[in-house]
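Hi everyone, thanks for coming. Have a look at what I'm putting on the screen, and then we'll walk through it together.

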Amino acid sequence: MVRIVDVAKKANVSTATVSRVISKPDTVREETINKVLRAIKELNYHPNVLARQLRTSETKTVIVVIPDISNPFFSKVLRGIENLASANGYQVLLGDAGNDSEQESRYLDMLRQKKADGMILLTAKMKPEIVEEMANEFPVVLACEYIEGSSIPTISIDNVSSARKATEYLIQLGHRRIGTISGPLDSVLGQDRLKGFYQAMARYSISVDPVLVQEGHFNYESGFNLMKKFLALNRMPTGVFAANDEMALGAIRAIRTMNLRVPEDISVIGFDNIHFSSIFEPALTTISQPAFEIGSKAMELLIMLMDKKKIEKNQYILDDSLVIRESCSKINKSLHV
């Protein structure tokens, strides 16, 4: 087995210098770094991670907790996290909370047990005081979701204004009887996107029929089933805002089972811009989140916390955009009298 002393001998430096090149290269001259890296490559040396952990109390591991691993939106966020983590020598441990606050708490226990150096939470179902307590003791970053009034570093978009933008797009196309399939209302995203819907309707002085507001679960099945409820009404909506793309795709499928067309009979707009929304027929009009950038920024903030560097502000809001495709059109008044 190749040892650090063998690398030091090959590079003609001390073992301490080899150690610094591996753990703190910014403290070593570039010429020396290159010599050590050549020696490491030639000898096929692999640092003893366990020994380093015992010396430094670092695991070079971070935990990322997502609410639901089956939701394709999070794949782009995770890619952004993994990209920056890998570039900085960290490995990512993925935790699927399954929309269960108790499971989220179990992942927090891994921080207490020093099995990871920090955590990124893409969900915030736990009691705020529990998360705050952990963030005071360990590096913790929130992404996508947030906790109201929290000082924990958070990266997201403005979900209220984004949902308002989506609803206003339908209104500008002439729609007035608009339904919404919200996310779960025990989540901040579900609440914010519903708030944005109501704000848009109020801005244009359009009354909201309570039966056209249904609580979904951010999955295809709830979009399908709740759209079926809308289609059973004497006065169906002319347009529907679904609070994520999976529910929007489910809604479109339900409309088709009734031999109705999208967008000719009913317009549908989604939220997230998952990959499948662009290849579905009709291609889905949606709100696009900068998912990769959210993940990358969350990992950047976490690295700063783990390195005990000062973070300028606690909340970072990234820009979203409306992606116009084929699932929305001007209202056909002859079909809706």
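Let's start with a question: in which sense do strand β10 and β12 pair, parallel or antiparallel? They pair in the antiparallel sense, over 3 bridges, with β10 covering residues 285–288. If you want a spot to zoom in on, find Ser-288, which stands opposite Ser-321 in β12. One thing to keep in mind while you look: this is a predicted model.

Okay, zoom out a bit. Those two strands belong to an open sheet of 6 strands, in the order β7-β6-β8-β9-β10-β12, and the pairing is mixed. At the edges you've got β7, residues 213–215, and β12, residues 321–323; each has a single partner strand, so one side of each is left without a neighbour in the sheet. On average, neighbouring strands here are turned by 20° against each other, ignoring direction.

Now add a helix. Helix α8, residues 159–172, packs on this sheet and touches β6, β8, β9, β10 and β12. Its direction makes about 160° with that of β9.

Helix α8 also takes part in some salt bridges. The structure holds 9 of them, and I picked two. In one, the side chains of Asp-320 and Lys-165 meet, at 2.7 Å from N to O. Asp-320 sits in the loop between β11 and β12, while Lys-165 is in helix α8, so this pair ties together parts that are 155 residues apart in sequence. Asp-320 is buried, with a relative accessible area of 15%, and Lys-165 is partly exposed, at 31%.

In the other one, Glu-168 meets Arg-203, at 2.8 Å from N to O. Here helix α8 is tied to helix α9, because Glu-168 lies in α8 and Arg-203 in α9. Which of these two residues is buried, and which is exposed? Glu-168 is buried, at 11% relative accessible area, whereas Arg-203 is exposed, at 53%.

Last topic: the inside. In soluble globular proteins, nonpolar side chains tend to be buried together. Here the largest nonpolar core has 70 residues, and those touching the most other members are Val-77, Ile-120, Leu-122, Met-227, Phe-241 and Met-299. Helix α13, residues 291–306, gives the largest share of this core, with 8 residues. Try clicking on Phe-241: its contacts include Ala-163, Leu-170, Ile-181, Phe-197 and Ile-269. Apart from the largest core lies another one, of 18 residues, among them Met-110, Leu-111, Leu-121 and Met-134.

That's my tour, thanks for listening!

Conventions: Residues numbered from 1 in each chain as written. Predicted model: local features only at pLDDT ≥ 70, side-chain atom pairs only at ≥ 80, totals over all residues. Heavy atoms only, no water. Pairing = 2+ DSSP bridges. Helix = DSSP H or I, 4+ residues; strand = E, 2+ residues; numbered from the N terminus. Axes fitted to C-alpha atoms, helices over the stretch in contact; angles between N-to-C directions. Contact = heavy atoms within 4.5 Å. Core = buried A, V, L, I, M, F, W, Y, C linked by side-chain atoms within 4.5 Å. Buried < 20%, exposed > 50% of the residue type's maximum accessible area, 1.4 Å probe, protein only. Salt bridge = Lys/Arg side-chain N within 4 Å of Asp/Glu carboxyl O. Lists of a residue's contacts leave out its neighbours within four places in sequence.
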